[in-house]
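User: I have a model open and want to learn to read its features. Can you take me through it?

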Amino acid sequence: MNARLAALGGASMQALSKRFFHFLAGSAAVKRIASRYGMRRSDSFARRFIAGESLEEAIVAAGRLEAMGLRLTLDQLGESVTSLSAAAAATRTWLDSIPRIVAAGITRNISLKLTQLGIDVDREAARDNLRRILDAARAGDFFVRIDMENSPYVDVTLDTWEQVWREGYRNVGVVLQSALRRSEADMRRVVALGGRIRLVKGAYNEPDDVAYQLKADVDAAFERMARVLLAEGNFPAIGTHDPHMLETVKTLVAQQHIARDRFEFQLLYGVRRDLQTQLKNDGYGVRIYVPFGREWFPYFMRRLGERPANVMFVMKGILGEK
Ligand code: FDA
């Protein structure tokens, strides 16, 4: 009973924290302060989680990670564009970045969001934008991961992925969130087609009818999904910083004799750097998600919502800067 109450308390704190930071993410004043102080110096607080505002800065960070034996995926931040011209601009920026990543000689792996390509404005135009990026990526031997956004976007994201997959694009994968009640069925759909999945818990504040509210339930779904993906998935990515989940997956891998080149762990830039190197030193494939770009505010707020302790780190940074 006490454990259940504690779990409920913990869950509601976590949900509250997510809700609070999603609320703050909509505040123009908070955005103004964060934008002014977050990235302006080399030790500014947002740099802990964002590799820089330019591709050049991201390439430097990526080079450092690769020198440590870590793999990476680059995310040019941006989401929720509201016009076709903004979607076209985001697509152009991706198309410009691809040859520059090739020239830099770093890993050819990128992550993007469909709302960045205009899925809210015009579905077909966004799909065309995606195809243009996939064509350039295929020519350059890149892998493209379509991040998963909040629950209203799950259908359109999976449908878009399936459409390009059926058109013959194989350099593209998706993300599923164990927090969503529907994700195990979605996983079956993607696995049946042979698609590549990154499994995460889910960063968004979601209502009870679509998402588990208790961490224990999110974790249990994560474990069930990891079990299926490790056995049947196409090079699944296990995306978590949760030491308990990582141990669970390592145990599954050992019990099921899964070869280490059949899957990889993925972690976010600046989060649990100790675990990133530890996993790599233990002989696992580890990919770091490296976000960069001027549109870092919503991404940054999601990271704070996951771990309120990060707020103290940010406050110290702001006070230090002032
Ligand atoms: P959980 O939140 O349960 O926390 C467990 C422990 O991990 C904490 O106690 C702490 O030690 C550590 N930790 C977690 N987050 C931290 C933080 N921000 N700062 C410091 N420590 C932290 N989500 C999504 O909805 N769509 C997506 O496409 C993606 N993509 C994605 C890619 C990759 C590579 C990763 C690792 C994650 C994502 N996510 C995501 C985010 C994901 O859904 C989830 O919000 C975070 O990974 C936090 O959940 P954890 O599983 O890490 O653990």
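Analyst: Here is a short tour of helices, helix pairs and single residues. One caution comes at the start: this is a predicted model.

User: Take helix H9 (residues 243–255). What span should its 13 residues have, and how far apart are its end C-alpha atoms?

Analyst: Use the rise of 1.5 Å a residue. The 13 residues of H9 should then span 18 Å, and the end C-alpha atoms are 18 Å apart, which agrees.

User: Which residues of H9 are buried?

Analyst: Start with the general idea. An α-helix has 3.6 residues a turn, so residues three or four places apart point the same way. Now the case here. Met245, Leu246, Thr248, Val249, Lys250, Leu252 and Val253 are buried in H9.

User: What do the buried residues of H9 pack against?

Analyst: Two helices and two strands take part: H8 (215–232), H10 (273–281), S6 (237–239) and S7 (264–268).

User: Which residue caps the N-terminal end of H9, and what follows the helix?

Analyst: For a cap, look for a side-chain oxygen beside a backbone nitrogen. Aspartate 242 does this job at the N-terminal end of H9. One of its side-chain oxygens lies 2.9 Å from the backbone nitrogen of histidine 244. After H9 comes histidine 257, with a positive phi near 50°.

User: On to helix pairs. At what angle do H4 and H5 pack?

Analyst: Read the angle between the axes, then the distance. H4 (residues 84–104) and H5 (residues 123–139) pack at about 5°, with axes 10 Å apart. Angles under 35 degrees count as roughly parallel. H4 and H5 are therefore roughly parallel to each other.

User: Which residues of H4 and H5 meet?

Analyst: H4 brings Leu84, Ala87, Ala88, Thr91, Trp94, Leu95 and Ile98. H5 brings Ala125, Asn129, Arg132, Ile133, Ala136 and Ala137. The contact of H4 with H5 divides into 10 nonpolar, 2 polar and 1 charged.

User: How do H6 and H7 cross?

Analyst: Apply the same reading. The axes of H6 (residues 154–166) and H7 (residues 183–193) come within 11 Å and cross at roughly 5°. H6 and H7 are therefore roughly parallel to each other. From H6, the contact uses Val154, Leu158, Asp159, Trp161, Glu162, Trp165 and Arg166. From H7, it uses Asp186, Arg189, Val190 and Leu193. The residues of this contact divide into 6 nonpolar, no polar and 5 charged.

User: Now single residues. Is arginine 198 buried or exposed?

Analyst: Check the relative accessible area. Under 20% means buried. Arginine 198 has 7% relative accessibility, so it counts as buried. This residue is found in strand S5 (residues 197–200).

User: What does the side chain of arginine 198 make a polar contact with?

Analyst: The partner is the side chain of glutamine 266, at 2.7 Å. Beyond its neighbours within four places in sequence, arginine 198 also has other contacts, including Thr73, Arg145, Asp147 and Tyr289.

User: Where is asparagine 205, and how far is its C-alpha atom from that of arginine 19?

Analyst: Asparagine 205 sits in the loop between S5 and H8. At 29% relative accessibility, it counts as partly exposed. Compare sequence separation with distance in space. Asparagine 205 and arginine 19 are 186 residues apart along the chain, yet their C-alpha atoms are separated by 5.9 Å. With neighbours within four places in sequence left aside, asparagine 205 is in contact with Ala15, Lys18, Arg19 and His22.

Definitions and conventions. Residues numbered from 1 in each chain as written. Predicted model: local features only at pLDDT ≥ 70, side-chain atom pairs only at ≥ 80, totals over all residues. Heavy atoms only, no water. Helix = DSSP H or I, 4+ residues; strand = E, 2+ residues; numbered from the N terminus. Expected span 1.5 Å × (residues − 1). Buried < 20%, exposed > 50% of the residue type's maximum accessible area, 1.4 Å probe, protein only. Contact = heavy atoms within 4.5 Å. Polar contact = N/O pair within 3.5 Å; in protein donor to acceptor, adjacent residues only side chain to side chain. Axes fitted to C-alpha atoms, helices over the stretch in contact; angles between N-to-C directions. Parallel < 35°, antiparallel > 145°, perpendicular 65-115°, else oblique. Nonpolar A, V, L, I, M, F, W, Y, C, P; charged D, E, K, R; others polar.
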